[in-house]
Amino acid sequence: MANTGDIRNIVILGHGGSGKTSLAEAILHKTGTTNRLGSVDDKTSTCDYYDEEKEHQHSIQSAVVYAEHNGKLLNIIDTPGYPDFIGPAIKSIPAAETAVIVISAPAGIETNTRKLFELATNAVMPRIIVVNKIDAENTDLPRLIKNIQETFGMQCRCANLPAADRASVIDCIENESGDSPVMDVAQAHTELIENIIEADDALMESYLGGEQISAEKIASVFVEALKSGTIIPIVFTNARKEVGVAELLDMIIRYTQSPAQAKPARLKDGDKSTELKADPSAPLAGMVFRIAFDPRSNMKFSSIRIFSGKITSDTNLLRNDEKKGIRPGHILKSQGGDSKETDAGIAGDIITLSKIEDLQIGDLVHDGKVSGCFEQPPVPEPMYSLALEPASRGDEQKIGSALEKLCEEDPCFKIKRDSQTKELVASGLGDLHLRIMLEKMQNRSKLSVTTKEPKIPYRETITAKAEGHYRHKKQTGGAGQFGEVYLRVEPAERNSDPPLDFSWDIFGASIPGQYEPAVHKGINEVMLTGIVAGFPMQDIKVSIYDGKHHPVDSKEVAFRAAGKGAFVDALEKAKPVLLEPIVNVEVTAPAENVGDITGDLSSKRGRVLGQDMLPGNFITIKAQVPLSEVTQYNSQLKSVTGGRGSYAMTLSHYEIVPPNVQQQIVAQYAKKKETD
């Protein structure tokens with residue numbers, strides 16, 4: 001078991017296809033952890049062990065592996081790179097001290113590279129940029145370095161350079177000469193040294209005074225320079241041929257901070273903030289950052305980053321603010337889909353616990369001596385949805401249970417039963433996301449569903465004041481039924497809460513107060529089903545001001561019917577309309593696509609609210625658009641931007657549907673009603 005000071009935790013981030021998993025496999029092989037180089041293409045990868053990952057040849061979930069090198073324990077979190085699977089990558093960031101951002105040399109800086117680099121920057125993490133696939137044809141490495149510096153800042157400097165044959169790399173920390181086709185080695189050395197010594201004022205003063213700075217002094221300040229962000233080293237690799245991997249490994253071991261050197265994690269408890277000391281003897285505090293279910297046994301595994309204290313098999317473990325203790329049982333070190341038992345998990349380490357059903361991503365695990373919660377980086381709101389129906393009758397409950405497990409694994413996969421449309425709706429970050437999650441359910445649980453576009457949750461309201469009246473009279477021999485109600489309706493403020501403002505304004509005894517709940521109940525029945533196209537109503541004020549009763553025949557059922565009838569009578573006169581959900585959309589895309597995107601949003605009845613320029617010639621466009629117009633926007637945006645665009649969507653408010661659109665919706669409703 002390593003000491004806290006000998007642990008290094010890295011999270012590998014970057015766009016899909018950049019070679020993150022290949023890099024992790026190369027590190028495992030170089031350190032002798034694996035006896036052969038795992039390959040994504042050959043389906044022999046340690047990190048991509050799910051059937052779906054092997055089939056599609058890309059990661060869909062974060063994987064945890066570890067290696068030992070020069071007396072240090074290196075924990076590696078390999079994360080998915082496609083935008084649809086960014087959730088597990090985001091949740092893995094707080095578990096590491098250092099971010100290794102991988103960029104494909106031929107593809108350059110892609111959408112997820114920008115997002116994940118920004119998240120690592122916001123987390124105040126040291127970052128290392130790895131330019132991978134340096135042997136690929138049609139790569140312009142000098143131009144790529146320029147793009148990296150323009151996009152991420154001039155603190156990005158080459159720590160090594162590819163040699164002329166691109167089969168080895170030249171160290172720019174210690175070397176001032178060498179032959180590289182990318183740039184002059186002496187220039188790279190000077191730029192690198194100047195950025196590193198910015199972290200040390202005394203060293204900077206000596207350097208400016210003409211003093212020669214030794215390699216030892218540079219090495220001693222490198223850790224601080226990485227930590228403070230004055231240097232973001234760029235290194236070059238060809239992971240599949242293991243070029244530059246040993247040099248990257250040495251850099252991680254020598255220059256990245258251990259948990260003991262890093263800025264301590266903090267727990268927030270209301271206004272109070274507690275610093276967690278990376279010390280095994282301190283109170284225990286760890287965070288669950290990954291949940292995975294074994295594809296064969298369906299056993300649950302929870303990966304935990306321990307920030308302080310120690311976990312052993314007999315620790316009385318508590319979750320969040322719960323009082324019920326948990327026995328961790330076996331303490332495991334994960335190696336992709338396999339695991340090895342270890343004696344304990346100490347501050348700074350990453351361990352895995354099995355069979356603990358209650359643990360969820362983001363949970364605090366502790367020994368009762370700390371309290372609070374970890375601040376979590378936000379994940380994108382899943383806005384691409386499909387309505388699900390079981391392919392086989394009677395599978396509803398099994399499907400619900402299987403889907404819940406998928407939600408535990410991926411924070412951007414959500415399931416809900418829409419109370420309005422009565423549909424089971426799965427939401428994710430795109431078509432690929434949902435397709436693979438349902439494929440995972442099929443492979444794991446042998447459960448199938450059919451999918452369709454979910455119904456848009458329209459609402460109904462009124463636009464004018466009106467009065468309504470209804471007399472309910474029924475004589476069936478014996479006791480009859482009688483109730484009469486007069487009421488007024490008027491529009492309330494848009495998006496009022498509650499949706500109905502009900503007032504009982506009866507003076508005298510025209511309707512006894514005992515019948516108020518019955519009238520209210522009848523009105524609420526109409527509020528749930530509407531009168532235009534079967535959708536719930538909102539933003540309505542109703543006042544019950546008069547009526548009549550009968551001493552013998554009046555009863556609750558009569559006033560419920562009278563309230564309902566009077567309300568419908570008033571609504572029909574109050575110019576009822578449909579309301580549609582309007583969403584805030586933020587589209588990030590290359591500047592050259594802006595005209596096409598804004599034109600397309602306008603054609604979807606959208607309002608463009610503004611634009612922000614981003615580094616690297618990208619622009620964010622802010623707009624408001626009806627939800628019904630952007631249910632398939634994911635595939636449309638990919639088409640327009642060649643896969644380089646991304647978007648986020650959140651519900652803003654409800655607005656009145658244009659008359660021509662309302663006519664279409666009402667016609668569809670009438671047709672369905674007729675068919676039913």
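## A walk through the predicted model

Asp-363 and Arg-319 are joined by a salt bridge whose closest N and O atoms lie 2.6 Å apart. This pair is a good place to start, since the two residues come from distant parts of the chain. Asp-363 sits in the loop between β19 (350-354) and β20 (364-366), while Arg-319 belongs to strand β15 (residues 318-319), 44 residues away. Keep in mind throughout that the model is predicted.

How buried or exposed are the two partners? Asp-363 has a relative accessible area of 6%, and Arg-319 has 14%. Buried means under 20% here, so Asp-363 is buried and so is Arg-319. The pair also has company: salt bridges with shared partners tie Arg-319, Glu-322 and Asp-363 into one network.

The loop that carries Asp-363 is worth a second look. Glu-357 is placed in the loop between β19 and β20 as well. With 48% relative accessibility, Glu-357 counts as partly exposed. Setting aside neighbours within four places in sequence, Glu-357 is in contact with Lys-300 and Glu-408. The C-alpha atom of Glu-357 is separated by 8.8 Å from that of Phe-301, although the two residues are 56 apart along the chain.

Now step back to the whole chain. The chain has 676 residues, and buried residues make up 53% of them. The secondary structure comes to 16 helices and 33 strands. Taken along the principal axes, the C-alpha atoms fill a box of roughly 105 × 60 × 50 Å. Among contacts with a separation of 6 or more, 73% are between residues 24 or more positions apart.

Ser-92 gives a local example of such long-range contact. This serine is found in helix α3 (residues 86-92) and is buried, at 1% relative accessibility. Which residues does Ser-92 touch, not counting those up to four places away in sequence? They are Val-11, Ser-62, Ile-77, Thr-79 and Phe-289. The C-alpha atoms of Ser-92 and Ser-303 are separated by 9.9 Å, and these two residues are 211 apart along the chain.

Back to charged pairs: a search of the whole structure finds 29 salt bridges. One of them brings together the side chains of Glu-467 and Arg-488, at 3.1 Å from N to O. This pair, too, links distant parts of the chain, with Glu-467 in strand β26 (residues 466-474) and Arg-488 in strand β27 (residues 481-491), 21 residues apart. Glu-467 is partly exposed at 38% relative accessibility, and Arg-488 is partly exposed at 39%. Another salt bridge joins Lys-217 to Glu-211, where the closest N and O atoms are 3.7 Å apart. Lys-217 is partly exposed at 41% relative accessibility, and Glu-211 is partly exposed with a relative accessible area of 38%.

Let us turn to how helices pack. Two packed helices are described by the angle between their axes and the distance between the axes. Helix α1 (residues 20-30) and helix α9 (residues 245-255) have axes that come within 10 Å and cross at roughly 85 degrees. Angles of 65 to 115 degrees count as roughly perpendicular, so α1 is roughly perpendicular to α9. On the α1 side, Leu-23, Ala-26, Ile-27 and Lys-30 take part, and they meet Val-245, Ala-246, Leu-248 and Leu-249 in α9. By class, this contact of α1 with α9 has seven nonpolar residues, no polar ones and one charged.

A second helix pair has another geometry to inspect. The axes of α12 (residues 516-529) and α13 (residues 556-573) come within 7 Å and cross at roughly 45 degrees. The two helices are therefore oblique to each other, and their crossing is right-handed. From α12, the contact is made by Ala-518, Val-519, Lys-521, Gly-522, Ile-523, Glu-525, Val-526 and Met-527. From α13, the partners are Glu-556, Phe-559, Arg-560, Gly-563, Lys-564, Phe-567, Val-568 and Leu-571. What classes do the residues of the contact of α12 with α13 divide into? There are nine nonpolar, two polar and five charged residues.

How values were computed: Residues numbered from 1 in each chain as written. Predicted model: local features only at pLDDT ≥ 70, side-chain atom pairs only at ≥ 80, totals over all residues. Heavy atoms only, no water. Axes fitted to C-alpha atoms, helices over the stretch in contact; angles between N-to-C directions. Helix = DSSP H or I, 4+ residues; strand = E, 2+ residues; numbered from the N terminus. Parallel < 35°, antiparallel > 145°, perpendicular 65-115°, else oblique. Left-handed = near helix turned anticlockwise from the far one by under 90°. Contact = heavy atoms within 4.5 Å. Nonpolar A, V, L, I, M, F, W, Y, C, P; charged D, E, K, R; others polar. Salt bridge = Lys/Arg side-chain N within 4 Å of Asp/Glu carboxyl O. Buried < 20%, exposed > 50% of the residue type's maximum accessible area, 1.4 Å probe, protein only.
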